[in-house]
Amino acid sequence: MTISEVSRECNITADTLRYYERIGLLPAIHRTRSGIRDYSEADCRTISFIKCMRSAGIQIDALTEYMTLLREGEGTREARKKILTEQREHLVEKLLEMQKTLDILNKKIESYEDKMLKCEREINK
């Protein structure tokens, strides 16, 4: 498959695919004699996996390290698991921070409603 076909099928830009290849997130993609990237089904499965991991909040540098280890084989299982565990900890921290922000926003909205009700009562007198 060409880069444009993969881009459409996987809903990812060609620039992103090139970037992923350049930083080692994707292995070097096979090229035709004329130099055009020729993505295999395995490459497409890897792209789907990367998209899934990115949507789960895995950072690019951690995912690049993970994919490098994955290509090295079974002997890296614990190292890969450690990366996922660390990424989960980062995500939990982000969730806690977002929850604090949401709590503050909710208090502001409650306060806003109280003030608005007082104002409306004054108007309706």
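This report walks through a predicted model, taking its core, helix H4, cysteines, a loop residue and a cavity in turn.

## The nonpolar core

A good place to begin is the inside. In general, nonpolar side chains tend to be buried together in soluble globular proteins. Here the largest nonpolar core has 22 residues. Within this core, the members that touch the most others are Val6, Leu17, Tyr39, Ile47, Ile50 and Leu63.

Which elements give two or more residues to this core? They are helix H1 (3-10), helix H2 (14-22), helix H3 (41-55) and H4. Of these, H4 gives the most, with five residues.

## A look along helix H4

Helix H4 covers residues 60-72, which makes 13 residues. At 1.5 Å a residue, a helix of this length should span 18 Å, and the C-alpha atoms at the ends of H4 are indeed 18 Å apart, so the two values agree.

The buried residues of H4 are Ala62, Leu63, Thr64, Tyr66, Met67 and Leu69. Leu63 has already appeared above, as one of the core residues that touch the most other members. Asp61 also has its place in helix H4, but this residue counts as exposed, because its relative accessibility is 55%, over the 50% cut-off. The C-alpha atom of Asp61 is 8.8 Å from that of Leu25, although 36 residues separate the two along the chain. Just after H4 comes Gly73, which takes a positive phi of about 110°.

## The cysteines

How many disulfides does a search of the whole structure find? The search finds zero. As a reminder, a disulfide is a covalent bond between the sulfur atoms of two cysteines. For Cys44, the closest cysteine sulfur belongs to Cys10, and the distance is 4.9 Å. The cut-off for a disulfide is 2.5 Å, so the two sulfurs are too far apart for a bond. Cys52 is in no disulfide either; the nearest cysteine sulfur is again that of Cys10, 13 Å away.

Are these cysteines buried or exposed? Cys44 is buried, with a relative accessible area of 6%. Cys10, which has its place in helix H1, counts as buried too, at 9% relative accessibility. Cys52 is partly exposed, with a relative accessible area of 47%. Cys10 also offers a link between distant parts of the sequence: its C-alpha atom is 7.6 Å from that of Ile47, a residue 37 positions away along the chain. Ile47 is itself one of the core residues that touch the most other members.

## A loop residue with positive phi

Asn11 lies in the loop between H1 and H2. Its phi is near 55°, a positive value in a residue other than glycine. Is Asn11 buried or exposed? Asn11 is exposed, with a relative accessible area of 66%.

## The cavity

Finally, there is some empty space to visit. Rolling a probe the size of a water molecule over the atoms shows where such space is left. A search of the whole structure finds one cavity of 30 Å³ or more, and the largest cavity has a volume of about 40 Å³.

Which residues line the largest cavity? The lining is made up of Gly57, Gln59, Gln87, His90, Leu91 and Lys94. By type, these residues divide into one nonpolar, four polar and one charged. Leu91 is the nonpolar one and Lys94 the charged one, because leucine counts as nonpolar and lysine as charged.

How values were computed. Residues are numbered from 1 along each chain as its sequence is written. This is a predicted model: local features need pLDDT of at least 70, side-chain atom pairs count only at pLDDT 80 or more; totals for chains, interfaces and linings use all residues. Side-chain values use heavy atoms; hydrogens and water are left out. On a 1 Å grid over the protein atoms alone, a cavity is a set of points where a 1.4 Å probe fits but cannot get out, and a pocket is an open set with protein on both sides within 12 Å along at least five of seven lines; lining residues have an atom within 4 Å of a point. Grid points are joined across faces, edges and corners, and a volume is the space filled by probe spheres set on the points. Buried means under 20% relative accessible area, exposed over 50%, partly exposed in between (1.4 Å probe, protein chains only). Helices (H or I, at least four residues) and strands (E, at least two) are DSSP runs, numbered from the N terminus. The expected span of a helix is 1.5 Å times one less than its number of residues. A nonpolar core is a set of buried Ala, Val, Leu, Ile, Met, Phe, Trp, Tyr and Cys residues joined through side-chain atoms within 4.5 Å.
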